[in-house]
Each structure stands twice: as C-alpha cells, then as structure tokens.
Amino acid sequence: MTVIEVNHLVCSFHEKTALEDISFEVDEGEIFGFLGPSGAGKTTTINILTGQLPPKSGTALVLGKASSKLVADDMVNLGIMSDTVGFYEKMSLYQNLAFFARFHKVPMEHLEALLRRLDLWESRKTRAEKLSTGMRQRMFLIRAILHEPKIVFLDEPTSGLDPVMSQKVHELLLELKESGMTIFLTTHDMQEATRLCDKLALLHRAPWAYL
Ligand SMILES: Nc1ncnc2c1ncn2[C@@H]1O[C@H](COP(=O)(O)OP(=O)(O)O)[C@@H](O)[C@H]1O
Ligand SMILES: [Mg+2]
C-alpha cells in the first residue's frame, strides 16, 4: 500500500525555487531514504509532507489525504523529528518525554526502555536546554517514535551522533520497520542510506545551482 504519494511538487520561497517538480511514492513498512546535499530541499519536503508548509503546486498525499489538509486526528498517525519541533527548555529530558507519553497514553515503561536503549536514562533529570546536541537529537527521536505512529519522518536522525550511537539508532530503526512502521529518512550519508533503506530518492542538486 502506498502511504505517501508526491506528484510534481514545487515549492519556492519568494523568488527562489526550493523544490522543482519532485515525484515519488513510499510504500507501507519501508524505510525510504531521501538523500541530497545541504540546501537541496530535504527539510522543506518533510515540512510539506507534515502539513507545516503549503506546496506552491503539485500534490502531496499522506495516508491518502492532502498533507495541507491534515488535522490533529491525522497527526496521531505521524511522528516528526526535525529542528522545527519544539521542546520545553526548562523541563528535564524525562519530563519533556513523559509529558508527550501521557498525552498519547504510552506506558512509562515503554519510555524508560527507549531511554535506556539510547543511553539517556542516566541523564533523564538533565534540563533539556543543557543537553548536548547528540542527546537532544535522541530525545527528538524518542518523541517521534514513542506513540508508535504509522509513519515517522526523521530529518537527519544520526547527524551529530558518534558511530556507536548511530549504530544503536540504526538497529532501532530496523526493528521499527519490522514492526510495520513506515520510515521517511533524510540523510546526506550514503553509507547510512544503503545500509538502512529499502528505496532511495536523490535530490541531485538545488535547482538554482544550474543558473
Ligand atoms: N523558511 C524559509 N525561507 C526562505 N528560504 C528557505 C526557508 N526554508 C528553506 N529555505 C531554503 O530552501 C532551500 C532548501 O532548504 P532545506 O529544505 O532546508 O534543505 P536541506 O534540508 O536539504 O538542507 C535552501 O536554499 C534554504 O535556504
Ligand atoms: Mg535539512
């Protein structure tokens, strides 16, 4: 079953074209790798697919619905890990995630297991604003997958992580895929993409780079 369908998508900021005529499909339960250099439009694509940004033209269907029409009930089926997702700086790492877990009625044992798995349990009482980039990155990852959404969007999930931690994240993502979750993953790491992904799409170059 196709869970994401993008056809002739175009997005621009003022005069500048950020995405030019992008089309692809993602099937249920696959890890879809969306690759491209910095500035190619990966985050912009995630923002469109998650309803945070309207496309200029073209269509983006997520779970059969135009992404610009997604409502709160649809968002329960999605998980998003990106810089655009906020957090409570003054709350601890644990409080941030527990808040989210309660909202989605996720058992606290499940949260604890994920925190232990990604080596965050010992730091759970650290205030979020004091977390290192890599720790914050893992906090965002846990938040994106905690409620076991149908589709999770991961924007460069292993950037800023050391190889050992990246490996743990990779193993977790492969397990999530086995459980049936669809994973939309952006990366600029070709090795990561070939190791994890069932299907790859490559944003070759930013459109204006041809000018
Ligand atoms: N809100 C915005 N306003 C203006 N330009 C933007 C905005 N968001 C992204 N862009 C531009 O669109 C292009 C694609 O950005 P982005 O999707 O963040 O690329 P990537 O995630 O692949 O690095 C970049 O040139 C970026 O500067
Ligand atoms: Mg980006």
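How many Å separate an oxygen atom of ligand 1 from an N or O atom in the side chain of T44? In this predicted model, the distance is 2.5 Å.

## Polar contacts of ligand 1

The side chain of T44 contributes the N or O atom in the 2.5 Å pair with a ligand oxygen. The backbone is also involved: a polar backbone atom of G41 lies 2.9 Å from an oxygen atom of ligand 1. For K16, an N or O atom of the side chain is 3.5 Å from an oxygen atom of the ligand. Taken on its own, ligand 1 has 560 Å² of accessible area, of which the protein covers 63%.

## The surrounding shell

Ligand 1 is surrounded by 12 residues, and the closest of these are G39, G41, K42, T43 and T44. By character, the shell comprises five nonpolar, five polar and two charged residues.

Two secondary-structure elements, β2 (16-27) and α1 (42-49), each provide at least two residues of this shell. The largest share is that of α1, which supplies three residues.

## Packing of α3 and α5

Helix α3 spans residues 93-103 and helix α5 spans residues 133-145; their axes come within 10 Å and cross at roughly 15°. Angles under 35 degrees count as roughly parallel, and α3 and α5 are therefore roughly parallel to each other. The handedness of the α3 and α5 crossing is right-handed.

Notes
Residues numbered from 1 in each chain as written. Chains lettered and ligands numbered in written order. Predicted model: local features only at pLDDT ≥ 70, side-chain atom pairs only at ≥ 80, totals over all residues. Heavy atoms only, no water. Near = heavy atom within 4 Å. Polar contact = N/O pair within 3.5 Å; in protein donor to acceptor, adjacent residues only side chain to side chain. Areas by Shrake-Rupley, 256 points an atom, 1.4 Å probe, with all protein chains shown as cover. Helix = DSSP H or I, 4+ residues; strand = E, 2+ residues; numbered from the N terminus. Nonpolar A, V, L, I, M, F, W, Y, C, P; charged D, E, K, R; others polar. Axes fitted to C-alpha atoms, helices over the stretch in contact; angles between N-to-C directions. Parallel < 35°, antiparallel > 145°, perpendicular 65-115°, else oblique. Left-handed = near helix turned anticlockwise from the far one by under 90°.
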